[in-house]
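Here is an informal walk through one protein chain, with an eye on charges, buried side chains and helix packing. Have the model open while you read.

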Amino acid sequence: MEDGYQNRTAFIKGAKDIAKEVKRQASKKVGRSVDRVTDEYSKRSYSRFEEDDDDEFPQQGSQDGGYYRGDSQAANDDDGGHSDSTEGHDEDDEIYEGEYQGIPRAESGKGSLAGGPGSVSAGAQQFRDIGVSEAERRKDQEELAQQYETILQECGHGKFQWTLYFVLGLALMADGVEIFVVGFVLPSAEKDMCLSEPNKSMLGLIVYFGMMVGAFLWGAMADRIGRRQSLLICLSINSVFSFFSSFVQGYSTFLFCRLLSGVGIGGSIPIVFSYYSEFLSQEKRGEHLSWLCMFWMIGGIYASAMAWAIIPHYGWSFQMGSAYQFHSWRVFVLVCAFPAVAAIAALSAMPESPRFYLENGKHDEGWMILKQVHDTNMRAKGHPEKVFSVTTIKTVKQMDELVDTGTDTPVWQRYRLKIVSLSHQIRNNILACFSPEYKRTTFMLMAVWFTMSFSYYGLTVWFPDMIKYIQRQEYDSRTKTFTKERVEHVTFNFTLENQVHRQGHYFNDKFLNLKMKSMVFEDSVFEECYFEDITSTHTFFRNCTFVASLFYNTDLFKYRFVDCKLVNSTFLHNKEGCILDFSDDFNNAYMIYFVNFLGTLAVLPGNIVSALLMDKIGRLRMLAGSSVISCVSCFFLMFGNSESGMIALLCLFGGISIASWNALDVITVELYPSDKRCTAFGFLNALCKLAAVLGISIFQSFVGITKAVPIIFAAGALAAGSFLATKLPETRGQVLQ
């Protein structure tokens, strides 16, 4: 008996030594988080041998001889729960006690830690573990997708989804407003800030660059920190910098604020569609995501109406000296921030996506939100007695990424490590979109998004520019020309507009409180003339001579005098900055605001048709069919030779193409799993904005030169996009991955 006891004691000591050696080697790789796990299993090995020794004297508290299970529970109780490194894992994933003796699990195929013919190298074993974990994760995601669809069916579609619909609609409305803001304020801002042509072009494109960065950044963040939190952050950035941009005076500062405003709002589209889709059941998803697209149209209508109501009213302005001016277009910029502010306030009362919680192993949080959805809908339908029957929901196995910073690590270093870890996770998520499983889908969607965006944004900007060009041609046709006139002792105190004066002679004339618009003086002489309180637009003096003339409180700056001679002439108290043109802004407002209002309103029929038919004919038929019809409609542009004709064609093209955009949004949401959905959508939306910049730049360069090239480009891009769309998989009737 004594010899047996000594043998067992020696065996127990040997097991402890092996456990300590395993602990030492493992600590080098994963750090202190392994200590607790190894100590626990050291206890388990010891207790196994003690159990053999004490078979004749059972321990109290072990009712069925399960001392191992009781010890494990006690260890967990002492530690206060699982360690960070094992959180979210099942018992099957824990360290097998036989591994201390080099015995592999039957299901895992692990070899001896000590080496030998059956051993597997540490690197190969690590890759194998990762592969097994990812396979288990994919299996969990498939099971969760099926169960989640069943739960949404039980929750029903009702008050909760409609409330969320209007809340997220405000966020989408803010995105629509952002697209139109710069285009509406540009005619006034270019005068207020003295913008040159290159600066005007940069101001028009800067928002797209910002939205491109924002879509990529916030889309990726939403898959890591949550849909609701990411959307609140990006809307807050948009509203703050929209507010600042309405007050800043300098061009560079205004440009910077609009850039950051675009970065903020760029994340709204990928997050909004992903967020809303995770509250919709299979038979409702296509229809209600299409209804949600209507808020982008409402945003365009809101921007057009506010611009028309505010910008032409120059009485709604104030100034402090000549250094600070707050004109009506700045009031319009301020008003355009209201949808984003309203969306922030409303979104604060809404919960996070339960699908996001379940994908990240947070069962209780996801269950509580789904119960909230169920109870809200049942109460609204008059069935408050119905109980949420789901008790357990499948959660997805988590891939542990340990970052042990310790308690003594400086705060800044902790945040740096967290940011580095988050960046690494985002990078992996983006690369996963190009994995063999999703590579073909991603490249096909990239081509469709690029071709549609290139043609749509290029043409929608080309239309107003062509209307301006037609109006300019008509305006120039009414220009009056005066040659070799001689004017003496005359006072001009009325508006001079759209005139060309050549080889004239003006002696002792007075130009008082005068507005000059599109006036050109060539090879003329001004002798002893007096200019006071002059406001000019597109007015130039070329090769003229000024003798003993006085300029007082005018905006006739040096760049307006081209190859001119100034003899004994004086400039006093010149106006600072550029002066807004007050004369014919009603006509400009009609051309800019009303045309955009009609073009935006014209997409209403397309929105309604796509929403009603999306779940009936399928996403691919809607996408490809609408793209083909849009391609055919491009050739009607050849017949747009008048202002009214171009407006009608703009409305036609917008009304047809919106259906393909709605279908593309829906199919993009449904083709990617929940943990990659926002990342993929954000990446594709960023590519969309890049294509928009290219389309706008290329199409604008052909205004006034030829119609054929823009039409061929747009039609060719749409034809290619419709063909590639047919190669995508149909997602109608499938559960949300």
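Let's start with a charged pair: R285 is buried, and E670 is buried as well. Keep in mind that this is a predicted model. The two residues form a salt bridge, with 3.0 Å between the closest N and O atoms. This pair ties together distant parts of the chain, since R285 sits in helix 10 (residues 282-292) and E670 in helix 21, 385 residues apart. As a general point, side chains of opposite charge can pair when their charged atoms come close.

**The charged pairs**

How many salt bridges does the count come to? The count comes to 14 salt bridges. Three of them are set out here, each with its N to O distance.

| Salt bridge | N to O distance |
|---|---|
| D615 and R619 | 2.7 Å |
| D223 and R227 | 2.8 Å |
| R285 and E670 | 3.0 Å |

Burial is worth a look for these pairs. D223 and R227 are both buried. In the D615 and R619 pair, D615 is partly exposed, because its relative accessible area is 22% and the cut-off for buried is under 20%. R619, in contrast, is buried, with a relative accessible area of 1%.

Which residues are linked in a network of salt bridges? The network takes in E149, R285, D615, R619 and E670. So the buried R285 and E670 belong to a network that also holds the partly exposed D615.

**Helix 10 against helix 19**

R285 and D615 turn up again when you look at how the helices pack. Helix 10 and helix 19 (residues 604-617) have axes 7 Å apart and pack at an angle of about 170°. That angle makes helix 10 roughly antiparallel to helix 19, because anything over 145 degrees falls in that class. On the helix 10 side, the contact is made by E283, K284, R285, G286, E287, S290 and W291. Helix 19 brings N607, I608, S610, A611, L612, M614 and D615 to that contact. Both R285 and D615 are therefore in this helix contact and in the salt-bridge network.

**Helix 5 against helix 15**

Another helix pair crosses in its own way. Helix 5 (residues 159-192) packs on helix 15 (residues 363-380) at an angle of about 105°, and their axes are 7 Å apart. Helix 5 is therefore roughly perpendicular to helix 15, as the range for that class is 65 to 115 degrees. From helix 5, the residues K159, F160 and Q161 meet Q372, V373, T376, N377 and A380 of helix 15.

**Two residues of helix 21**

Back to helix 21 (residues 643-670), which is also where D665 is found. What is the nearest side chain of opposite charge to D665, and how far away is it? It is K689, 8.8 Å away, and D665 is buried yet has no salt bridge. That distance is beyond the 4 Å cut-off, so D665 and K689 do not count as a salt bridge. Not counting residues up to four places away in sequence, D665 touches F273, C293, W449 and F681.

S657 has its place in helix 21 too. Is S657 buried or exposed? With a relative accessibility of 3%, S657 counts as buried. A polar atom of the S657 side chain lies 3.5 Å from the backbone oxygen of G654. Beyond four places in sequence, S657 touches Y456, S626 and S630.

**Helix 12 and L347**

Helix 12 (residues 328-335) is largely enclosed by the rest of the structure, because 6 of its 8 residues are buried. Those buried residues are S328, W329, R330, F332, V333 and V335.

L347 is in helix 13 (residues 338-347), and L347 counts as buried at 1% relative accessibility. In space, L347 and L170 are 9.4 Å apart, C-alpha to C-alpha, though 177 residues apart in sequence. Leaving aside neighbours within four places in sequence, L347 is in contact with V167, L168, R228, L231, L232 and Y275.

**The chain as a whole**

Now for the wide view. The secondary structure comes to 23 helices and 16 strands. Of the 737 residues, 48% count as buried. Among contacts between residues at least 6 apart in sequence, 67% join residues at least 24 apart. The R285 and E670 pair, 385 residues apart, is one link between distant parts of the chain.

Terms used
Residues numbered from 1 in each chain as written. Predicted model: local features only at pLDDT ≥ 70, side-chain atom pairs only at ≥ 80, totals over all residues. Heavy atoms only, no water. Helix = DSSP H or I, 4+ residues; strand = E, 2+ residues; numbered from the N terminus. Buried < 20%, exposed > 50% of the residue type's maximum accessible area, 1.4 Å probe, protein only. Lys, Arg positive; Asp, Glu negative; His and termini not counted. Contact = heavy atoms within 4.5 Å. Polar contact = N/O pair within 3.5 Å; in protein donor to acceptor, adjacent residues only side chain to side chain. Axes fitted to C-alpha atoms, helices over the stretch in contact; angles between N-to-C directions. Parallel < 35°, antiparallel > 145°, perpendicular 65-115°, else oblique.
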